[in-house]
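Subject: Structure for you to look at, with notes

Dear colleague,

As promised, I am handing over the structure, and I would be glad if you could open it beside this message while you read.

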Amino acid sequence: MRINVIYSGGTIGMIETEAGLAPGADLRGWLNDLVARRPSIGEVTFTEFSTLIDSSNATPADWQALIDALWSACESADGFVILHGTDTLAYASAALSFALQDFGKPVVLTGSQLPIGALDTDAHANVVDSLKAVASGRIDSVALVFGRSVFDGSCASKWSSWSFEGFSSPNAPVLATTGAPWQWNDVERRRHDSFPQVKPYVAQDIVVLDLVPGISAQRVDSVLHPRPSAVILRAYGTGNIPAREQALVDALASAVDDGVEVIVSSQCMQAQVYLGHYEAGYALAQLGAVSAHNMTFEACYAKTVFLLSQGMRGEKFKYWMEKSLSREITNTLRSR
């Protein structure tokens, strides 16, 4: 099997400098040595972006650069591993899941909490597991590999900045747990509706608003001026807001009337948004807000950017946001 490893940046390839960690490690040599001791993986090639970034600097343009690189190399490899920084790894994984539904080849994203040169680095395990996941023939789209787990690309979320098991799949089962032998879960992999012609990612003006006890309607209204394209409202529990604060509801209703897409997510990592399930969420249902259901926040944000980049607005936006494109909306819940 031919596997192309693409390095876009991140801790995995950094070295210590006077200004802190920065790109500079010999990733190509390290990878060649890793693969040489595992001939069963197959033929592995290495591609490095000319400009490497810390993933905290990533934008939708960087997601598109990865997508373009994958399409350019599509015919030259049977599968791909992307080395990426962990800070926005789950965002990139979800973004690629939505845009690459018709790619037809496995794409696995991974990274590490420590650089390859660190004595106790987790890079070796994550990269080897990623290569094995691609070579297994069990991945049919985009996946994220980290900390001995294989996650569906649109269902992963970063929960720890230090743990070697720093990612979880709060609302969906993992695809596999690595070990001796690997344990693959029988996860439904049905195909969902996709766009006939996917347009590139373009940066969008999206407000993310966390509700907190005592937040004022004036503050909410001020955040929504000038009008963004969308606001992701991180509400309580199943999608509840302080609905007795009528001025706050009015501020959101006014935004909807002006064409702002209001998406309701939950502050809980593990949650299912049911607009109107409680009286405190009924007002959101009445004003036409969109439910994020049980998407991770990373998937919710990436999907919002994706749909806006496709030109979706109003009822079309609501329809596609609440419809699973890449298994990001699931019918099962699980603990970390």
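Below I set out what was found, going from the annotated sites to the strands and helices.

Please keep in mind throughout that this is a predicted model.

I begin with the two annotated positions. The UniProt entry, which is unreviewed, places the feature "active site" at Thr-11 and Thr-86. These positions are spread over 76 residues of sequence, and yet they cluster in space, with a largest C-alpha distance of 7.6 Å. Thr-11 sits in the loop between β1 (2-7) and β2 (14-17), whereas Thr-86 belongs to the loop between β5 (79-83) and α3 (89-99). If neighbours within four places in sequence are set aside, Thr-11 is in contact with Gly-85, Ser-112, Gln-113, Leu-114 and Pro-115. On the same basis, the contacts of Thr-86 are Ser-55, Gly-111, Ser-112, Gln-113, Phe-146, Lys-158 and Phe-167, and you will find Ser-112 and Gln-113 named for Thr-11 as well as for Thr-86. Is Thr-86 buried or exposed? With a relative accessibility of 6%, Thr-86 counts as buried, because the cut-off for that word is under 20%.

The elements on either side of these loops deserve a look next. Five of the six residues of β1 are buried, so this strand is largely enclosed by the rest of the structure. β1 pairs in the parallel sense with strand β4 (residues 43-48) over six bridges, and Val-5 stands opposite Phe-46 in β4. β1 also pairs in the parallel sense with β5, here over five bridges, and the bridge partner of Ile-6 in β5 is Ile-82. Another residue of strand β1 is Ile-3, which is buried at a relative accessible area of 1%. Beyond its neighbours within four places in sequence, Ile-3 has contacts that include Val-44, Thr-45, Phe-80, Val-81, Leu-131 and Val-134. Helix α3, for its part, is largely enclosed by the rest of the structure, since 10 of its 11 residues are buried; among them are Leu-89, Leu-96 and Phe-98, together with alanines such as Ala-90 and Ala-92.

Strand β8 (residues 149-152) contains Val-150, and Ser-149 lies in β8 too. Val-150 is buried, with a relative accessible area of 0%, and Ser-149 is buried as well, with a value of 15%. Leaving out residues up to four places away in sequence, Ser-149 touches Leu-144, Val-174 and Ala-176. Those three residues also appear among the contacts of Val-150, which include Ile-139, Ala-143, Val-145, Leu-175, Thr-178 and Trp-182 besides Leu-144, Val-174 and Ala-176. The C-alpha atoms of Val-150 and Pro-173, which are 23 residues apart along the chain, are separated by 9.7 Å.

Further along the chain there is an open sheet of four strands in the order β13-β14-β15-β16, with parallel pairing. β13 (206-210) and β16 (290-291) stand at its edges, each with a single partner strand, so one side of each is left without a neighbour in the sheet. Strand β14 (residues 230-235) and strand β15 (residues 261-266) pair in the parallel sense over six bridges, and Arg-234 has Ser-265 in β15 as its bridge partner. Lying across β13, β14 and β15 is helix α8 (residues 297-309), which runs at about 165° to β14.

Last comes helix α6 (residues 246-257), whose 12 residues reach 16 Å from the first C-alpha to the last, close to the 16 Å expected at 1.5 Å a residue. Which residues of α6 are buried? They are Leu-248, Val-249, Ala-251, Leu-252 and Ala-255. Seen down the axis of α6, the buried residues fall within an arc of 155°, so they line one face of the helix. Just after α6, Gly-259 takes a positive phi of about 95°.

With best wishes

Methods:
Residues numbered from 1 in each chain as written. Predicted model: local features only at pLDDT ≥ 70, side-chain atom pairs only at ≥ 80, totals over all residues. Heavy atoms only, no water. UniProt positions renumbered as here; feature names shortened; annotations may be inferred. Helix = DSSP H or I, 4+ residues; strand = E, 2+ residues; numbered from the N terminus. Contact = heavy atoms within 4.5 Å. Buried < 20%, exposed > 50% of the residue type's maximum accessible area, 1.4 Å probe, protein only. Pairing = 2+ DSSP bridges. Axes fitted to C-alpha atoms, helices over the stretch in contact; angles between N-to-C directions. Expected span 1.5 Å × (residues − 1). Arc of directions from axis to C-beta.
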